[in-house]
Amino acid sequence: MGFNWVGFIFWFLIGTSVILFIWGLWGKSWKILLSSGVALTLPSLYFLGAENWFKILALLPVIVFILAAYYYAMPKRN
């Protein structure tokens, strides 16, 4: 059997987005959260074509983008 590059890229993007999401929440960085949402967008499009409750997984990047917008609009403390 050959190596499946599509599956590798799929899981790499999911893993990268989870790591960036945790890092962005920890550092309260909107740029890192935005990167996490962008990395999660492509795998979520796969779940958008699924049936039943799996379509809800396509909303995960939207939640990440809302968090990034919240941290962007949050006033900076000195």
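This passage looks at how helix 2 is built and how it packs in a predicted model. Local features need pLDDT of at least 70 and side-chain atom pairs pLDDT 80 or more, whereas totals for chains, interfaces and linings use all residues. Residues are numbered from 1 along each chain as its sequence is written, and side-chain values use heavy atoms, leaving out hydrogens and water.

Helices here are DSSP runs (H or I, at least four residues), numbered from the N terminus. The 19 residues of helix 2 should span 27 Å at 1.5 Å a residue (1.5 Å times one less than the number of residues), and the 25 Å between its end C-alpha atoms agrees with this. Helix 2 nevertheless bends by about 40 degrees at Thr41, the bend being the angle between axes fitted to the seven residues ending there and the seven starting there. Pro43, a proline, follows within four residues.

Helix 1 (residues 5-27) and helix 2 (residues 30-48) have axes that come within 8 Å and cross at roughly 150 degrees. These axes are lines fitted to C-alpha atoms over the stretch in contact, with angles from 0 to 180 degrees between N-to-C directions. Contact means heavy atoms within 4.5 Å; among the residues that meet are Phe10 and Trp23 in helix 1, and Ile32 and Tyr46 in helix 2.

The buried residues of helix 2 (under 20% relative accessible area, 1.4 Å probe, protein chains only) include Ile32, Leu40 and Ser44. The buried residues pack against helix 1 and helix 3 (60-73). Ser44 has a relative accessible area of 6% and touches Leu57, Ala58 and Pro61, not counting residues up to four places away in sequence.

How values were computed. Helix = DSSP H or I, 4+ residues; strand = E, 2+ residues; numbered from the N terminus. Buried < 20%, exposed > 50% of the residue type's maximum accessible area, 1.4 Å probe, protein only.
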